[in-house]
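Trainee: Please take me through one part of this model closely. I would like to look at the ligand site and what connects to it.

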Amino acid sequence: MRSSPDSQSLWQMDRDHFIHPYTDYAVFEDEGSQIITRAEGVTVTDAQGREYLDGIAGLWCVNIGHGREEMANAIRDQVLQMQYYNPFGHSTNEPASLLAAKLAQLAPGSLNHVFYSTGGSTANDTAVRLAHYYFAQRGMPQKKKIISRLDAYHGSTYFAANLTGIQGTKIGFNRIAEDMIHYLSAANIYRMPEGMDEDSYCDYLVREFADRIQQLGADNVAAFIAEPIMGAGGVLVAPAGYHKRMRQVCKENDILYIADEVVTGFGRMGEWFVSSALYDCEPDILVSAKGISSGYIPLGATLISDEIYEAISKPQAEAGVLSMGFTYSGHAVACAAALKNIEIIERENICQHVKTTGPSLLEELDVLRELPIVGDVRGSHYMVGIELVSNKARKQSFEAAVGSAQRVFKRCLNRGLIVRPVGNVIVLSPPLIFTEQHCKQVAATLYDSINETTAELKVAGLVMGD
Ligand SMILES: Cc1ncc(COP(=O)(O)O)c(C=O)c1O
């Protein structure tokens with residue numbers, strides 16, 4: 001067993017040396033990080049022994065819950081049997097092959113082929129590289145442009161960060177491939193243009209897509225990429241029929257549809273994958289990570305259709321190879337963990353549990369709408385966003401400096417609940433083993449925390465029109 005330093009020394013080492021992702025260093029330099037020492041089921045415990053209900057499944061990923069011994073055993077057994085060997089070309093391993101076949105079975109339509117990577121960002125990079133390669137193989141090397149959306153989140157490698165459409169993530173970084181990536185409007189029902197209803201808003205978004213393709217030239221556009229529900233952009237649910245119609249536009253223009261199911265896959269909305277099952281939209285490429293291994297170990301998977309596979313598996317030149325790959329593509333231990341994770345989801349009927357229990361999270365949270373700073377409560381199953389506004393009638397956002405969701409986050413933390421503040425939105429994405437009782441607890445804690453925050457913001461004169 002590794003010996004652990006006392007928590008104060010650990011706090012100091014972390015603050016001095018660990019560059020945390022997506023962190024406000026003005027705050028971090030003073031406060032450092034909360035050290036999480038234990039995790040079990042739906043709770044985590046910090047170094048002071050305080051226990052918290054995990055309302056965010058780590059980071060949208062611990063779908064089966066924390067601390068499963070079966071997962072530890074599967075990982076241990078694979079390490080002892082064969083932890084790693086070269087996946088390039090001539091060799092493979094049992095878990096990677098079994099998992100590829102299992103994913104092909106779980107995925108819709110002809111998504112029968114898997115390219116492995118190490119997470120969502122690398123899986124999205126892979127999707128774009130394969131889309132480019134596919135068209136090059138078909139004799140259309142100029143078909144390279146990718147159409148993404150404002151407020152989309154696709155990751156943090158340089159290319160995935162550029163696919164991402166959240167403006168706040170761009171500051172201080174260069175736009176690469178400026179001419180290659182183009183953004184449409186986010187599909188945001190809460191903020192749809194005045195005078196529209198859901199149907200006319202959908203028409204508007206689909207028309208915007210068709211117009212953009214015309215403007216760029218269909219011969220230059222390789223793919224459209226979209227999350228079924230935008231996650232980090234604020235849990236934005238598209239209008240009914242949106243994905244199906246966008247998919248149709250793709251088909252008409254020989255453009256690939258890439259579904260980024262990094263968050264929505266593996267049961268978060270009661271389905272293995274939601275594109276086909278809930279939106280009648282069968283993608284050409286489906287991107288998965290997070291819930292694929294429930295965060296026990298990193299893994300990404302990019303699934304492609306038979307048609308794409310057929311094109312990319314032909315030699316691009318005599319003795320040519322598909323020149324892309326990662327040392328850890330199809331890592332035996334990660335794939336063994338994913339297989340066990342899938343076995344647990346199947347055995348415990350977790351998708352069915354989410355189908356029946358998931359809707360009660362939104363139902364319980366509905367009461368938050370009566371609070372003066374709650375503008376919207378939205379999402380699906382175990383994927384929820386609560387948007388805070390300074391003026392409800394005008395849907396006016398708080399200035400970023402107010403840190404509205406951050407204030408709620410801190411109050412929830414004091415009450416033993418972890419939620420995720422993203423701008424003015426509070427995000428919930430609990431482990432999928434959450435019960436109705438947990439949903440009630442989350443709603444009650446949020447109600448009290450938002451209520452207190454409202455009072456504080458009112459005193460500061462930051463709440464309007466009440
Ligand atoms: C929809 C989506 N795609 C891609 C990613 C990037 O995944 P990763 O952080 O594993 O690289 C995320 C991460 O939150 C995500 O939400």
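Mentor: Here is the ligand site, followed by the ring pairs and two backbone oddities. Keep in mind that the model is predicted.

Start with the shell. The residues around the ligand are Gly119, Gly120, Ser121, Asn124, Tyr153, His154, Gly155, Glu227, Asp260, Val262, Val263 and Lys290. By class, three are nonpolar, six polar and three charged. Helix α6 (residues 120-137) gives the largest share, with three residues.

Now the polar contacts. An oxygen atom of the ligand lies 2.9 Å from a backbone N or O atom of glycine 120. The side chain of aspartate 260 places an N or O atom 2.7 Å from a nitrogen atom of the ligand. At tyrosine 153, a polar backbone atom is 3.5 Å from a ligand nitrogen atom. As for cover, the ligand on its own has 390 Å² of accessible area, and the protein covers 81% of it.

Stay with tyrosine 153. Its relative accessibility is 24%, so it counts as partly exposed. The whole structure has 11 aromatic pairs. One of them joins tyrosine 153 to tyrosine 22, with ring centres 6.1 Å apart. The planes meet at 70°, and the pair is edge-to-face. Tyrosine 22 sits in the loop between α1 (7-17) and α2 (25-31), and tyrosine 153 in the loop between β5 and α7, so the pair ties together parts 131 residues apart in sequence. Tyrosine 22 is exposed, at 58% relative accessibility.

Compare another pair. Phenylalanine 209 and phenylalanine 224 have ring centres 4.7 Å apart and planes at 40°, so this pair is tilted. Phenylalanine 209 is in helix α8 (residues 198-216) and phenylalanine 224 in strand β7 (residues 221-226), so the pair ties together parts 15 residues apart in sequence. Phenylalanine 209 is buried, at 0% relative accessible area. Phenylalanine 224 is buried too, also at 0%. Ring pairs link Phe209, Phe224 and Tyr257 into a cluster.

A charge also meets a ring. Lysine 143 lies over the face of phenylalanine 135, 5.0 Å from the ring centre.

Last, the backbone. Most residues other than glycine have a negative phi. Aspartate 151 has a positive phi, near 70°. This residue lies in the loop between β5 (145-149) and α7 (158-163). Aspartate 151 is partly exposed, at 27% relative accessibility. Tryptophan 60 also has a positive phi, of about 60°. Its place is in helix α3 (residues 57-60). Tryptophan 60 is buried, with a relative accessible area of 5%.

Methods. Residues numbered from 1 in each chain as written. Predicted model: local features only at pLDDT ≥ 70, side-chain atom pairs only at ≥ 80, totals over all residues. Heavy atoms only, no water. Helix = DSSP H or I, 4+ residues; strand = E, 2+ residues; numbered from the N terminus. Buried < 20%, exposed > 50% of the residue type's maximum accessible area, 1.4 Å probe, protein only. Near = heavy atom within 4 Å. Polar contact = N/O pair within 3.5 Å; in protein donor to acceptor, adjacent residues only side chain to side chain. Areas by Shrake-Rupley, 256 points an atom, 1.4 Å probe, with all protein chains shown as cover. Nonpolar A, V, L, I, M, F, W, Y, C, P; charged D, E, K, R; others polar. Phe/Tyr/Trp six-rings, centres within 6.5 Å; stacked < 30°, edge-to-face > 60°. Lys NZ or Arg CZ within 6 Å of the ring centre and 35° of its normal.
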